[in-house]
Amino acid sequence: MNESDDRQTLRLLPSIDALLRSETANEILQPVGAKHLTILARTATDLLRREILEGTNNRENYSREELLKEAGKHLESIWLIEQNSKLQRVINATGVIVHTNLGRAPLSENARRALVENASRYCNLEYDITTGKRGRRGASVENLLAELTGAESALVVNNCAAAAFLVLTVFAKGGEVIISRGELVEIGGDFRVPDVMEQSGAILREVGATNRTRISDYEKAVNENTCLILKVHPSNYRIVGFTAAPNVAELAELAHENDILLYEDVGSGALFDLSKYGLTDEPIIADSIKAGADVVTFSGDKLPGGVQSGLIVGRQAVIEKIRKHPLYRALRVDKLIYAALEATLESFQKETAWQEIPVLKMLSMSEAKIRERIKKFAHKLKKKTGENQELKFEIIEGNSVIGGGSAPMVQPITTLLALKHAKMSAANLEQKLRLSKPPVIARILEDKVLIDLRTVSEDEEAELLDSLIKLTAETRTN
Ligand SMILES: *Cc1c(COP(=O)(O)O)cnc(C)c1O
């Protein structure tokens, strides 16, 4: 197409008004409203104009009607993309338990109820019902955290990155922080220990080697400017082989001899021992406190299975100093977070966490239970769709993933439903599942789409079954 052809075509481009009168626009009007519809229509015609000018639209010549139709298609797809981008529930069939892209931990029933019933209307956030006076925000959650970890006191902020930034700012701004070279890690989602340190105004004193650091390395680095010894759990990263690092008790002793603090950032951390499920090197918060750490930070939405939050536990004087710092006011959390955390932590207090917290239920689901679930599921699917399909379902062995930067070496054994189509790629099948309602998110391995029921709750199985039945019907080619 030459330039004058382009100009000719552009003259036939529908006006916004013409597009707004189209049938597609009419269908979208109700859900989005007239004002936003106009914005979408402008985006659609702009896109079409650009395609014509850049020659990226396949067709050579368009009539006025065809251009209007084309603009209508663009309008529809722009609207669909917008719909998909809205926050919505998805079915996580990936087998990645703490899936950061899918919102990390799914909430317990109790936590979901607490969000709505306890915190979505007026509530006693900073009001003491017993005395009728002003109360301490978050007091109940702080007490729960202290009880569960054996710490004297606790505080909650927006996330663990905020917690680390806050602790370093309050106690080490302008001073030195000693850390092992093996712990200068980056955790997914742009949390880099050296960067957080720099932002907080603390000066980094790296000691030891990447694989081995001794207590004497720390000892030699202590001077009159040292404020903190920082221990960071490497989370998503492991050095194996010839390694060594002093434990929390040794570091605490050194810190206290020198009148400085020991701060441990455990990232995920565990509220109780998970070694039975292979999580042998996930620090238990209570152990760190007992071993003498002055302050410990961890995420509320990793292994604790709650909402996004940075949980800070430690000695009373340390926590009170943080609470009084103006930065705490900027990083504090909302009533919704306290409500969900309170309900989550209560499951740990009552020792019903294994039954109630989805992350823990998924983690502890036995191989036999998963196999049984997937067999029943596949049986129902076969019954509904019949044999001899081009879409084949096969039961295979595989692994789930803990995720969320926790325990990268632990991959619980699972049984999977593997989908393979005679004429369609796995990527194509995966996309169709992703676009179903609710979206089903699955993994691809060796040109098969894998469904792992470990991360699908039992009350979602019917919807998943429906999506697979629809997929079977949609992908039938004869
Ligand atoms: C995950 C993690 C963080 C960041 O936690 P967020 O809650 O995502 O901010 C910080 N430190 C460690 C060691 C982590 O594992």
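**Exercise 1.** Which strands does helix H19 lie across, and at about what angle does H19 run to S19?

Solution. The model is a predicted one. Start with the helix: H19 covers residues 426-434. Helix H19 lies across S14, S16, S18 and S19. Its angle to S19 is about 40°.

**Exercise 2.** Describe the sheet that contains S14, S16, S18 and S19.

Solution.
- Step 1, order: the four strands form an open sheet that reads S14-S16-S19-S18, and the pairing is antiparallel.
- Step 2, edges: strand S14 (391-399) and strand S18 (443-445) are the edge strands, each pairing on one side only.
- Step 3, twist: neighbouring strands are turned by 35° against each other on average, with direction ignored.
- Step 4, one pair in detail: strand S16 (residues 413-421) pairs with strand S19 (residues 448-452) in the antiparallel sense, over four bridges. Here leucine 419 stands opposite valine 449 in S19.
- Step 5, another helix: H18 (residues 367-385) also packs on this sheet and touches S14, S16 and S19. The direction of H18 makes about 25° with that of S16.

**Exercise 3.** Why is one side of strand S5 and of strand S9 left without a neighbour in the sheet?

Solution.
- Step 1, order: S5 and S9 belong to an open sheet of seven strands, S5-S13-S12-S11-S10-S6-S9, with mixed pairing.
- Step 2, edges: strand S5 (153-157) and strand S9 (203-207) are at the edges and have a single partner strand each, so one side of each lacks a neighbour in the sheet.
- Step 3, twist: from one strand to the next the twist averages 25°.
- Step 4, one pair: strand S12 (residues 295-299) and strand S13 (residues 310-314) are antiparallel and share five bridges. Serine 299 has glycine 310 in S13 as its bridge partner.
- Step 5, helix: H7 (residues 139-149) lies across S5, S12 and S13, at about 125° to S5.

**Exercise 4.** Work out how the protein surrounds the ligand.

Solution.
- Step 1, shell: 13 residues are around the ligand, and Ala161, Ser235, Asp265, Ser299 and Lys302 come nearest.
- Step 2, classes: the shell has five nonpolar, five polar and three charged residues.
- Step 3, polar contacts: an oxygen atom of the ligand is 2.5 Å from a side-chain N or O atom of serine 235. For arginine 104, a polar side-chain atom lies 2.9 Å from a ligand oxygen. With alanine 161, a polar backbone atom is 2.9 Å from an oxygen atom of the ligand.
- Step 4, burial: alone, the ligand exposes 390 Å², of which the protein buries 94%.
- Step 5, elements: helix H8 (160-172) and strand S11 (261-267) are the elements that give two or more residues to the shell.

Technical notes:
Residues are numbered from 1 along each chain as its sequence is written. This is a predicted model: local features need pLDDT of at least 70, side-chain atom pairs count only at pLDDT 80 or more; totals for chains, interfaces and linings use all residues. Side-chain values use heavy atoms; hydrogens and water are left out. Two strands pair if DSSP finds at least two bridges between them. Axes are lines fitted to C-alpha atoms, for helices over the stretch in contact, and angles run from 0 to 180 degrees between N-to-C directions. Contact means heavy atoms within 4.5 Å. A residue is near a molecule or strand if one of its heavy atoms lies within 4 Å of it. A polar contact is a pair of N or O atoms within 3.5 Å; within protein, one must be able to donate a hydrogen and the other to accept it, and residues adjacent in sequence count only if both atoms are side-chain atoms. Accessible areas come from the Shrake-Rupley method with a 1.4 Å probe; for residues, only the protein chains shown count as cover. Ala, Val, Leu, Ile, Met, Phe, Trp, Tyr, Cys and Pro count as nonpolar, Asp, Glu, Lys and Arg as charged, and the others, Gly among them, as polar.
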